[in-house]
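Student: I am new to this structure and would like a close look at a single part of it. Please take the place where two helices pack against each other, and then set it in the rest of the chain.

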Amino acid sequence: MRIALAVDGNYVSQHFGHCEGFELVDIQNNEVKNRIFVPNPGHRPGFLPKFLSEKGVNTIVAGGMGQTAQALFNENGIDVLVGISGSIEDVIKNYINGTLVSTDEVCERHEHHGECGH
């Protein structure tokens, strides 16, 4: 299982498309086996879902994400967890413990400051 956390510094980014990058975390038998940081290659419509799918990602974790992006991730076989906030370490622990819950919230506004506006 490989999850990707959209991150800014040591925290989950509030908008996946404008994040610094993605913390790719390989989890096996409820343990972190490997972690890799991949810089965000840029926000272009429809690009990131395919990019992360090619990196073997099964689940994307972010604070906010638009409806179209969520649909594109699903079409690429990637589950979407949104409405997530907190430190990378806490979010990974909560994911492994099964306590990380998506709000299924859809980001309606596209702000260029990395904010979803909700």
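Tutor: What follows starts with the whole chain, turns to the helix pair, and then visits some single residues.

The model is predicted, so every statement here is about a computed set of atoms. Across the chain the pLDDT averages 89, and 89% of the residues score at least 70. Among the elements, strand E1, residues 2-8, has the highest confidence, at 98, while helix H2 has the lowest, at a mean of 93. Residues 110-118 are a separate matter: the pLDDT there is below 50. That stretch still has 19 contacts in the model beyond near neighbours in sequence.

The chain contains three helices and six strands. Read from the N terminus, the order of the elements is β-β-β-β-α-β-α-β-α. The chain has 118 residues, and 45% of them count as buried. If one takes the contacts between residues at least 6 apart in sequence, 48% of these join residues at least 24 apart.

Now the part you asked about. Two packed helices are described by the angle between their axes and the distance between the axes. Here the two are helix H1, residues 47-54, and helix H2, residues 67-75; the angle is about 30° and the axes lie 8 Å apart. Because angles under 35 degrees count as roughly parallel, H1 is roughly parallel to H2. The crossing of the two helices is right-handed. On the H1 side, the contact is made by Leu48, Pro49 and Leu52. On the H2 side, Ala69, Leu72 and Phe73 make it. By class, the residues of this contact divide into six nonpolar, no polar and no charged.

The third helix can be followed through one residue, Val91, which sits in H3. Val91 is buried, because its relative accessible area is 3% and buried means under 20%. Leaving aside residues up to four places away in sequence, Val91 touches Leu5, Val12, Val61, Ile84, Ser85, Gly86 and Leu100. One of these, Val12, is 79 residues from Val91 in sequence, yet the two C-alpha atoms are 8.0 Å apart in space.

Gly86, also in that list of contacts, lies in the loop between strand E6, residues 79-81, and helix H3, residues 88-97. With a relative accessible area of 28%, Gly86 is partly exposed. Its contacts, again without residues up to four places away in sequence, are Asn10, Tyr11, Val12 and Val91. Val12 therefore appears in the contacts of Gly86 as well as in those of Val91, where contact means heavy atoms within 4.5 Å. From Gly86 to Val12 the separation is 74 residues along the sequence and 5.9 Å from C-alpha to C-alpha.

After H3 comes a segment that holds Glu105. Glu105 is partly exposed, at a relative accessible area of 36%. The C-alpha atoms of Glu105 and Gly66 are separated by 8.6 Å, and the two residues are 39 apart along the chain.

The strands offer other examples. Pro39 belongs to strand E4, residues 31-39. Pro39 is exposed, because its relative accessible area is 52% and exposed means over 50%. Not counting residues up to four places away in sequence, Pro39 touches Glu20 and Gly21. Pro39 and Phe22 are 17 residues apart in sequence, with 6.3 Å between their C-alpha atoms.

Two asparagines in one loop complete the picture. Asn29 is in the loop between strand E3, residues 21-28, and E4, and Asn30 is found in the loop between E3 and E4 too. Although it is not a glycine, Asn29 has a positive phi of about 50°. Asn30, not a glycine either, has a positive phi of about 60°. Asn29 is exposed, with a relative accessible area of 69%, and Asn30 counts as exposed at 56% relative accessibility.

To return to your helix pair: H1 and H2 pack at an angle of about 30°, and their contact holds six nonpolar residues, no polar and no charged.

Conventions
Residues are numbered from 1 along each chain as its sequence is written. This is a predicted model: local features need pLDDT of at least 70, side-chain atom pairs count only at pLDDT 80 or more; totals for chains, interfaces and linings use all residues. Side-chain values use heavy atoms; hydrogens and water are left out. Axes are lines fitted to C-alpha atoms, for helices over the stretch in contact, and angles run from 0 to 180 degrees between N-to-C directions. Helices (H or I, at least four residues) and strands (E, at least two) are DSSP runs, numbered from the N terminus. Angles under 35 degrees count as roughly parallel, over 145 as roughly antiparallel, 65 to 115 as roughly perpendicular and the rest as oblique. A crossing is left-handed if the near helix is turned anticlockwise from the far one by less than a right angle, and right-handed if clockwise. Ala, Val, Leu, Ile, Met, Phe, Trp, Tyr, Cys and Pro count as nonpolar, Asp, Glu, Lys and Arg as charged, and the others, Gly among them, as polar. pLDDT is the predictor's confidence in each residue, from 0 to 100. Buried means under 20% relative accessible area, exposed over 50%, partly exposed in between (1.4 Å probe, protein chains only).
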